[in-house]
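Biologist: Could you take me through the aromatic side chains in this one, and then show me how they sit relative to the core? I'd like it in plain bench language, please.

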Amino acid sequence: MGSWRKLIYFLPAAIYCTLIFFVSSRSLKIKLGFIYWDKGAHWMEFTLLGLLLAFGFYHYLSGRVFLTFYLTFMTGFFIGLTDEIHQLFVRGRQCDWTDLIADTVGVLTGWLLLKLISEWRQKALKTVSTS
């Protein structure tokens, strides 16, 4: 498949990133009653983003593990950073470096999930083909 056609694998990440910035541009006043709930929300939000980015890079780079990891990490970190800077300009929102840490850990978790799923899938396919 040509490299331009492989870019279609980034479409889910691009759509999800747009959703992140849309939600981030809204003033939200949510209180769940326990401390640091928002860090968990950032982690979950960016875990999905990390999974989608890793999916795109995995297919675009034909499984080159370190490069997939590096580009997923750097892209996810940059998106988290720009999201936090963007929140400086939204009334009722604030830029918080601990949110950026939660975002980055989420991206790494998403990459790790894709890696584990990929290894599990390869092992399953190998088992099926040998039997």
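Modeller: Phe73 has 25% relative accessibility, which puts it in the partly exposed class. Here buried means under 20% relative accessible area, exposed means over 50%, and partly exposed is whatever falls in between (1.4 Å probe, protein chains only). Phe77 is partly exposed too, with a relative accessible area of 29%. Both of them lie in helix α4, residues 65–87, four residues apart, which is about one turn of the helix. Helices (H or I, at least four residues) and strands (E, at least two) are DSSP runs, numbered from the N terminus.

A word on where this comes from: it's a predicted model, where local features need pLDDT of at least 70 and side-chain atom pairs count only at pLDDT 80 or more, while totals for chains, interfaces and linings use all residues. Residues are numbered from 1 along each chain as its sequence is written, and side-chain values use heavy atoms, with hydrogens and water left out.

Back to the rings. The structure holds eight aromatic pairs. Rings of Phe, Tyr and Trp (its six-membered ring) pair if their centres lie within 6.5 Å; planes under 30 degrees apart are stacked, over 60 edge-to-face, and the rest tilted. Take Phe10 and Phe57: their ring centres are 4.9 Å apart with the planes at 75°, so that's an edge-to-face pair. Phe10 sits in the loop between α1 (3–6) and α2, while Phe57 belongs to helix α3, so the pair ties together parts 47 residues apart in sequence. Phe10 is buried at a relative accessible area of 18%, and Phe57 is buried as well, at 12%. Phe73 and Phe77, by contrast, make a stacked pair, 6.4 Å centre to centre with 20° between the planes. Ring pairs link these two with Phe66, Phe69, Tyr70 and Trp111 into a cluster.

Now the core. A nonpolar core is a set of buried Ala, Val, Leu, Ile, Met, Phe, Trp, Tyr and Cys residues joined through side-chain atoms within 4.5 Å. The largest one has 10 residues: Ala13, Tyr16, Cys17, Ile20, Phe46, Leu49, Leu52, Leu53, Ile79 and Val107. Helices α2 (11–24) and α3 (37–60) each supply at least two of them. Ile79 is a handy one to click on: setting aside residues up to four places away in sequence, it touches Cys17, Phe21, Phe46, Leu49 and Leu53, where contact means heavy atoms within 4.5 Å.

On α2, the buried residues are Ala13, Tyr16, Cys17, Ile20 and Ser24. They cover an arc of only 105° around the axis, which puts them on the same side of α2; that arc is taken from the directions from the helix axis to the C-beta atoms. On the other side of α2, Ile15 and Thr18 are exposed.

As for the cysteines, Cys17 is buried at 15% relative accessible area, whereas Cys95 is partly exposed at 39%. The structure holds zero disulfides, a disulfide being a pair of cysteine sulfur atoms within 2.5 Å.

Zooming out, the chain has five helices and zero strands, and 31% of its 131 residues count as buried.
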